[in-house]
Amino acid sequence: METIKLRVWDKEENKMYYFDLTSYMSVNEGGQEELCPSKLVGPDAFMQFTGLLDKNGKEIYKGDIIYASLNDNKYILKYGEYSCEYDEAYPKGKHYGWYLQDKSNYCEGLSDDSLLIEVIGNIYENPEMLDD
């Protein structure tokens, strides 16, 4: 069985907590609090690992800032429903799943060809990267 990896941002302490669901569920309440403080749990709090690695072998999570060298663009990795205007891999229309969104709101599906992308930060620890 594949391990479900998650992370959550603590804005008060400026700290990212990384943990896997199996470990979280197998420890007592005190252990769970160490892995992921309950004050952080809420809607949209968790950022899940996609199961993919970037070109440098770094895990790719929801909320990561991605650099695509193919088109020299930065994206935020998101999960949910999105619309594609044009993408060679995905037909025009609505889709659901992992996708990349740039600052102009252009979206494209995340493919398993992660050798072409690089995680350069995330929206919590490096929001200034989105301004470039």
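This is a short tour of one protein chain, from the whole chain down to a single pair of residues.

The model is predicted, so local features need pLDDT of at least 70 and side-chain atom pairs count only at pLDDT 80 or more, while totals for chains, interfaces and linings use all residues. Residues are numbered from 1 along each chain as its sequence is written, and side-chain values use heavy atoms, with hydrogens and water left out.

Begin by selecting the whole protein chain and colouring it by secondary structure, where you will find two helices and nine strands; these are DSSP runs, numbered from the N terminus, of H or I over at least four residues for helices and of E over at least two for strands. Followed along the sequence, the pattern reads β-β-α-α-β-β-β-β-β-β-β.

Next, switch on the surface: of the 132 residues, 38% count as buried, meaning under 20% relative accessible area with a 1.4 Å probe, protein chains only.

Now select the five strands that form an open, antiparallel sheet in the order β8-β7-β6-β5-β9. Its edge strands are β8 (107-109) and β9 (117-122), each of which pairs on one side only. Two strands are said to pair if DSSP finds at least two bridges between them. In general, strands of a sheet pair through backbone hydrogen bonds, either parallel or antiparallel.

Finally, keep β9 on screen together with strand β5 (residues 64-68), since these two pair in the antiparallel sense over five bridges. Which residue of β9 is the bridge partner of Asp64? Select Asn122, and you have that partner in view.

Conventions:
Buried < 20%, exposed > 50% of the residue type's maximum accessible area, 1.4 Å probe, protein only.
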